[in-house]
Amino acid sequence: MRYFILLAAISACALGASDYYGGFLNLLAPVNGLSQGSFELQVNHRFFGEAFKNDPLENFFGLDNGANVGFEARYFATGDLYFSYGHTRLLHGNRFSAGWVEPELGPVSLEVRAGYEAVKPSSQEDWDGGLTAEAGVSAMLLQDRLRPVVNFAYDGYLEEGGPGFGLEFYLMENMSLMGEYFPAAAEGAIEDCFSMGARYSTWGHQFIVALTNSHGIGPRGQLAGAADADLSMAFTIRRVL
């Protein structure tokens, strides 16, 4: 709840931002409407409860059973270069990274970022971590109606790397449908990770609501795979200042 209060307060007093759209639930892809001096906040929830198990109203489509929560803030030092900090509830992850965006690299857009994440799997274990790297390529097709996205992510703590794939269909500039698929990279993974959802953008916000079988956040959060194929609710809120 504190994240919602923070975003509400920022939204009430912040000005600026237009043409702000293009975010995915997990995939790394360039976002329109960010420039030098932009400061972006992102809040993620991946609920643990199954959305359609038995009587979904008993646990309100799984929303009453807790969630993996993530928060990220990034600042664009130039129009292309940004620095970010993020925290994820699972593993108590804290990550620092730097990224580079090329929005018009010929017919495609490119975003890369690298950094370090410190994790503490439990209160009985010491802090651990590793280097991280992610890259995303996307393109606009069919008169800017269709956007395929391809990612590759590496997690130094898991010592695993793997791809991710997505497709976004624009109903209009500020509204789209999307799907994501991540082949599980970790040895012994049970299920691949996938999601399907919709995004709605305003002049300074992006709201993404989806169904997913993964509790992980971001492309690296999908490398370990999912426990099963059961769907849970997920959402992402982005705010640019």
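This briefing describes the fold, the nonpolar cores and the charged side chains of one protein chain. The structure is a predicted model, and its secondary structure comes to 1 helix and 12 strands. Read from the N terminus, the helix comes before the strands, in the order α-β-β-β-β-β-β-β-β-β-β-β-β. Of the 241 residues in the chain, 46% are buried, and among contacts with a separation of 6 or more, 53% are between residues 24 or more positions apart.

**Strands 1 to 3**

- Strand 2, which covers residues 67-76, is mostly covered, since 9 of its 10 residues are buried.
- On one side of the pairing scheme, strand 1 (residues 39-50) and strand 2 are antiparallel and share 9 bridges, and within this pairing Q42 has E72 of strand 2 as its bridge partner.
- Strand 2 also runs antiparallel to strand 3 (residues 81-88), to which 7 bridges join it, and here Y75 has F83 of strand 3 as its bridge partner.
- The connection between strand 2 and strand 3 is a hairpin of 4 residues.

**Nonpolar cores**

- The largest nonpolar core has 12 residues in all, namely F24, L25, L27, A29, V149, M178, F182, C193, I208, A210, A226 and A234.
- Strand 9 and strand 11 (205-212) are the elements that give two or more residues to this core.
- Another core, of 8 residues, lies apart from it and includes Y20, L28, Y82 and V101.
- F24, a member of the largest core, touches residues that include A29, V149, M178 and I208, and its contacts also include the charged residues R147, E168, E180 and R238.

**E180, a buried charge**

- E180 is found in strand 9, which spans residues 175-182.
- Although E180 is buried, it has no salt bridge, and the nearest side chain of opposite charge, that of R46, is 6.7 Å away.
- The side chain of E180 does reach the backbone nitrogen of L27, at 3.3 Å.
- Leaving aside residues up to four places away in sequence, E180 touches F24, L25, N26, L27, F165, G166, C193, F194 and S195.

**Salt bridges**

- Side chains of opposite charge can pair when their charged atoms come close, and a search of the whole structure finds 11 salt bridges.
- R95 and E117 form one such salt bridge, with N and O 4.0 Å apart; this pair links R95 in strand 4 (residues 93-105) with E117 in strand 5 (residues 108-119), 22 residues apart, and both residues are buried.
- E134 and R220 form another, in which the closest N and O atoms are 3.4 Å apart; E134 belongs to strand 6 (residues 128-139), whereas R220 lies in the loop between strand 11 and strand 12 (232-240), 86 residues apart.
- E134 is buried at a relative accessible area of 8%, and R220 also counts as buried, at 10%.
- E168 and R199 meet in a salt bridge at 3.0 Å from N to O, and because E168 lies in strand 8 (residues 160-172) and R199 in strand 10 (residues 193-201), the pair ties together parts that are 31 residues apart in sequence.
- E168 has a relative accessible area of 0% and is buried, while R199, at 1%, counts as buried too.
- Through shared partners, salt bridges join E72, R95, R113, E117, E134, D155 and R220 into one network.

Methods. Residues are numbered from 1 along each chain as its sequence is written. This is a predicted model: local features need pLDDT of at least 70, side-chain atom pairs count only at pLDDT 80 or more; totals for chains, interfaces and linings use all residues. Side-chain values use heavy atoms; hydrogens and water are left out. Buried means under 20% relative accessible area, exposed over 50%, partly exposed in between (1.4 Å probe, protein chains only). A polar contact is a pair of N or O atoms within 3.5 Å; within protein, one must be able to donate a hydrogen and the other to accept it, and residues adjacent in sequence count only if both atoms are side-chain atoms. Contact means heavy atoms within 4.5 Å. A nonpolar core is a set of buried Ala, Val, Leu, Ile, Met, Phe, Trp, Tyr and Cys residues joined through side-chain atoms within 4.5 Å. Two strands pair if DSSP finds at least two bridges between them.
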